Amino acid sequence: MGTFSKPASAEQKQRWAKIWFQKLCQFHRRKTEPDWAFSADDVIAFLQSRRDAEVPAWKRMKIIEGLIQYRETIQRREVDDLLPLKEKMGEIILIEQARTGGLDSIDDVVGKINPNEMDAIQEFRRSMRRAGLAIATERSYVNKLKAFMADRGLNCLADFDRIHASDVEAHLTDLAVDGNVSPSTQNQAFHSLLKFFELVLKREMGKIEAIRANKDSMAPTVMSPGEVGQVFEGLEGVYLVIAKLLYGCGMRISEAHRLRVKDIDFANKQIEIRQSKGNKSRLVPMPDDLIEPLRRFVKTREALHEHDLANGTASVYLPYALDRKYPSAHRELKWQYLFASHRLSRDPRTGRIHRHHLHSSTFPTHLRRAVERAGILKHVTSHTFRHCFATHLLWQGTDIRQIQQLLGHSDVKTTEIYTHVRNPNEAKVVSPLDRLVQDEAATVGCARAD
């Protein structure tokens, strides 16, 4: 993937590389000798002098980057001894940014880390939080890493020095052959280890040729419009509104839970879905049937927020960048979750008290009861409504590219799975069995007539 760069940026980097090298020579009272083999200790001493002169960390990072550039492009020498300095300076930058944003320490940037966990797990958590991964992803990846460490007998970060692609390949193969896990479980284990190599070990994992878990190609479970209506009859309140959002807008359950007040646009009759799968955002039309219910929920949410403000407990989780940029945003109504929990909870990363959205386990429980009351024997989950949304639109003749956009799929091939569901509105294909029975019945009828 290409990256955008300003015109002549390469020339500017070269110019600044030479400038910082000259300043390094001046600091150590040396003549500017282009081939001087300066060491990491020489750079550290120079950086400490800049720190004592109250030069901010982001500017000191520019010094390191310039000297790395000088080593690589002009002296044609290795830069391995300078890379740890760059990594450490990155942490210092985070700390400085945290303090200017009203936070006190690196713990406030990445959250509280359990000191009793293995050092590899602690570092993996810090790295994922710096990268902005979701808390659910962090938990899943940590569990997969723990399973790998137990399988290979690893106890600390230093033990990974002897771990290579062959170990990962063997672990993934064992999952498929002995563990008989699903393809998604094996893929999750692979991606967690890949992320660990990338963020913590800072090296390539290598080529993996493990035996893959079999992935069956299955058509999605889809209810008829009548069955969807029967399920709606078994739901009420917030759970009915959420179910209608899933079916009427093609949302994922996580997207419905994370809706904030500001995402509901009544003027343009649309809903904005932010930070969905793949960190993408999209707009979907607001069904007319949901306009009044959503208005009532916004009013109810406003009343609850006024109560929290009066008690001094009004707060909602925001990504760290927003929290620093808008320090009071967590107390504003527009940032609050629309479907809020009835009780306050503690953020597992920061320890701060917020009013979070509904717990992920509540809707599936009410949905299961509604499906049982409707007497539907299909395996219905919250995601089934998304399948129904796409499939029913196809049956109505909606262009598949438009459905792809509404679902937020990157590739239309992902959307094409819904073409595998039989359309009951199409001309019925007569089974050979039925045709045989009909022909036999006709033959018997003719014989009796004779």
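Buried means under 20% relative accessible area, exposed means over 50%, and partly exposed is anything in between. Keep that scale handy, since many stops on this tour use it. One more thing before we set off: what you have open is a predicted model.

**Stop 1: the whole chain**

Zoom out until everything fits in the window. The C-alpha atoms fill a box of roughly 120 × 60 × 50 Å along the principal axes. A compact globule of 450 residues would have a radius of gyration near 22 Å, while this chain comes out at 29 Å. Now switch to cartoon view. The secondary structure adds up to 19 helices and five strands. Of the 450 residues in the chain, 38% are buried.

**Stop 2: a pair of charges, E123 and R130**

Select E123 and R130 and show their side chains. The two form a salt bridge, with the closest N and O atoms 3.9 Å apart. Is E123 buried or exposed? Neither: its relative accessibility is 21%, so E123 counts as partly exposed. R130 is also partly exposed, because its relative accessible area is 32%.

**Stop 3: more salt bridges**

The whole count comes to 22 salt bridges, so let's just sample a few. Pick K262 and D263: their side chains meet in a salt bridge at 3.2 Å, N to O. Colour the two by accessibility. D263 is buried, at 5% relative accessible area, whereas K262 is partly exposed, at 28%.

Next, jump to E332 and K334. Their closest N and O atoms are 4.0 Å apart, and they form a salt bridge. E332 is partly exposed at 31%, and K334 is partly exposed at 43%.

Then select E117, R125, R129, E138 and K146 together. Salt bridges link these five into a network.

**Stop 4: the small sheet**

Time for some strands. Three of them form an open sheet in the order β1-β2-β3, and the pairing is antiparallel. Which strands are at the edges? Select 264–265 for β1 and 282–285 for β3: these are the edge strands, and each pairs on one side only. Strands of a sheet pair through backbone hydrogen bonds, so turn on the backbone here.

Add β2, residues 270–273, to your selection. β2 and β3 pair in the antiparallel sense over four bridges. Two places to click are I271, which stands opposite V284 in β3, and E272, whose bridge partner in β3 is L283.

Stay on β3 and show its side chains. They alternate: R282 and V284 point to one face and are buried. L283 and P285 point to the other face and are not buried.

**Stop 5: two lysines in loops**

Follow the loop between β1 and β2 to find K269. K269 has a positive phi of about 55°, although it is not a glycine. With a relative accessible area of 36%, K269 is partly exposed.

Now go to K202, in the loop between α9 (183–201) and α10 (225–233). Here too phi is positive, at about 60° for K202, which is not a glycine. K202 counts as exposed because its relative accessibility is 51%.

**Stop 6: a leucine in a loop**

Move along to L235, in the loop between α10 and α11 (237–249). Buried or exposed, then, for L235? L235 counts as buried, at 7% relative accessibility. Try the distance tool from L235 to S184: the C-alpha atoms are 31 Å apart in space, and the residues are 51 apart in sequence.

**Stop 7: hunting for disulfides**

A disulfide is a covalent bond between the sulfur atoms of two cysteines. How many disulfides does a search of the whole structure find? Zero. Select C249 and C388 to see why for this pair: the sulfur of C249 is 14 Å from its closest cysteine sulfur, in C388, which is too far for a bond. Looking back from C388, the nearest cysteine sulfur is that of C249, 14 Å away. C249 is buried, at 1% relative accessible area, and C388 counts as buried at 0%.

**Last stop: a patch on the surface**

Finish by selecting L433, L436 and V437 and turning on the surface. Together these residues form a nonpolar patch there, with about 280 Å² of accessible area. L433 sits in helix α19, residues 432–449. At 56% relative accessibility, L433 counts as exposed.

Conventions
Residues are numbered from 1 along each chain as its sequence is written. This is a predicted model: local features need pLDDT of at least 70, side-chain atom pairs count only at pLDDT 80 or more; totals for chains, interfaces and linings use all residues. Side-chain values use heavy atoms; hydrogens and water are left out. Patches are made of residues with over 30% relative accessible area and no salt bridge: like charges are joined within 9 Å, nonpolar side chains (Val, Leu, Ile, Met, Phe, Trp, Tyr) within 5 Å. Accessible areas come from the Shrake-Rupley method with a 1.4 Å probe; for residues, only the protein chains shown count as cover. Buried means under 20% relative accessible area, exposed over 50%, partly exposed in between (1.4 Å probe, protein chains only). Two strands pair if DSSP finds at least two bridges between them. A disulfide is a pair of cysteine sulfur atoms within 2.5 Å. The radius of gyration is taken over C-alpha atoms; the globule rule is 2.2 Å times the number of residues to the power 0.38.
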